[in-house]
Amino acid sequence: MSAVEALERHQIGIYLGGLAAGAAVGLAWSGTSHPLEVSIYPVLGALLYATFLQVPFTKIAAAFRDTRFLVSVLVLNFMIVPLVVAALTVFVPLSQAVLLGVLMTLLTPCIDYVIVFSGLAGGDGQRLIAASPLLMLAQMIALPVLLWLFVGSELADIVEVGPFLEAFGVLIVLPLALAWATEALAARHRAGQVITGAMTAAMVPLMAATLFVVVGSQVPKLEGRFDEVVTVVPIYAGFLVVMAVLGVGAARVAGLETRRARALVFSGATRNSLVVLPLALALPAAYAITPAIVVTQTLVELVGMLVYI
């Protein structure tokens, strides 16, 4: 068995190890929070670059023509999900800072590791990669509107579009452009093939590194506020349960075959916590707990993804 095959075979354990290591480092050395925060974008960008390299761009172009899947993804994430979030939060007393973290996370569909986890479950990664730019643009437009509907203009005004544009450029446009350039290079030179092979081998370590830096950067901020964090765990867990059922139902209504159906289910369930985290970090001091609420969703979701897979 090659090293790459061994990593892929044991990847779930490796991911859990990265998560546990991040938590341990964050608890033991609170001063590591800022350096780890700074590394979130570079590590996540590298992960997405490696992910985009797995699917040839000729196939991505074909995926863009699958309007049934793209419409299903948009309807599920921007019509059904807000109703589910409303039902899950309406009866739970949450402070404004905690509620904002829940809303920012659950109202934004994932555009990064959903591709990885869906692929592990046999989902159609090509469709999800094609949908990622569309989902990112749609949530940039929809999030301020949805926040206004949920909590009023006072909190919606806090969220600026700038960090979303930055995230779109760093996490989508740049990795996609680099992947396209690498693919073009691989068609003409061996160097491109070597780079592609190296990034494929690095997929599992990059995912583990992403989990490590995200968890490690946020765990120190939970000190003394674990009670507030615990209150949102049932909401996040309930969301995963409900979206599993609704995702399957939406796939059946749309008449999607198995691989596209699995991709749709994962798109509806996974959230954009890693991308909205910079938004949460940029909030005023009164919302210091909000980033931790966002990261808590990541931790709950990782366990949920194991169940989904």
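Begin with the largest cavity of this predicted model, which encloses about 50 Å³ of space. Select Ile12, Tyr15, Leu16, Leu19, Phe117, Leu211, Leu302 and Leu306 to display its lining. By class, these lining residues comprise eight nonpolar, no polar and no charged. Next, colour helices α2 and α17 (290–308), each of which supplies at least two residues of this lining. Helix α2 gives the most, with four residues. In total, the structure holds two cavities of 30 Å³ or more.

Keep α2 displayed and proceed to the largest pocket, whose volume is about 410 Å³. Centre the view on Gln54, Ile115, Val116, Gly119 and Met203; of the 19 residues that line this pocket, these lie nearest its centre. Then add the helices α2 (11–28), α8 (113–120), α9 (125–151) and α13 (203–218), each of which contributes at least two residues to the lining of the largest pocket. Which helix supplies the largest share of this lining? Helix α8 does, with four residues. Colouring the lining of the largest pocket by class shows eight nonpolar, nine polar and two charged residues. Helix α2 therefore serves as a landmark for two stops: it supplies at least two residues to the lining of the largest cavity and at least two to that of the largest pocket, where a lining residue is one with an atom within 4 Å of a grid point.

Move now to the second largest pocket, which holds about 170 Å³ of space. Select Glu37, Val38, Ile40, Tyr41, Pro42, Glu166, Pro278 and Leu281, the residues that line this pocket. The elements that give two or more residues to this lining are α3 (33–38), α4 (40–52) and α16 (273–281). Among the contributors, α4 has the largest share, three residues. The lining of the second largest pocket divides into six nonpolar, no polar and two charged residues.

For the final stop, turn to the surface and select Val71, Val75 and Met79. These residues form a nonpolar patch with about 260 Å² of accessible area together. Display helix α6 (residues 67–89) as well, since Met79 lies in it. Is Met79 buried or exposed? Met79 counts as exposed because its relative accessibility is 54%, and the threshold for that class is over 50%.

Key: Residues are numbered from 1 along each chain as its sequence is written. This is a predicted model: local features need pLDDT of at least 70, side-chain atom pairs count only at pLDDT 80 or more; totals for chains, interfaces and linings use all residues. Side-chain values use heavy atoms; hydrogens and water are left out. Patches are made of residues with over 30% relative accessible area and no salt bridge: like charges are joined within 9 Å, nonpolar side chains (Val, Leu, Ile, Met, Phe, Trp, Tyr) within 5 Å. Accessible areas come from the Shrake-Rupley method with a 1.4 Å probe; for residues, only the protein chains shown count as cover. A salt bridge is a side-chain nitrogen of Lys or Arg within 4 Å of a carboxyl oxygen of Asp or Glu. Buried means under 20% relative accessible area, exposed over 50%, partly exposed in between (1.4 Å probe, protein chains only). On a 1 Å grid over the protein atoms alone, a cavity is a set of points where a 1.4 Å probe fits but cannot get out, and a pocket is an open set with protein on both sides within 12 Å along at least five of seven lines; lining residues have an atom within 4 Å of a point. Grid points are joined across faces, edges and corners, and a volume is the space filled by probe spheres set on the points. Ala, Val, Leu, Ile, Met, Phe, Trp, Tyr, Cys and Pro count as nonpolar, Asp, Glu, Lys and Arg as charged, and the others, Gly among them, as polar.
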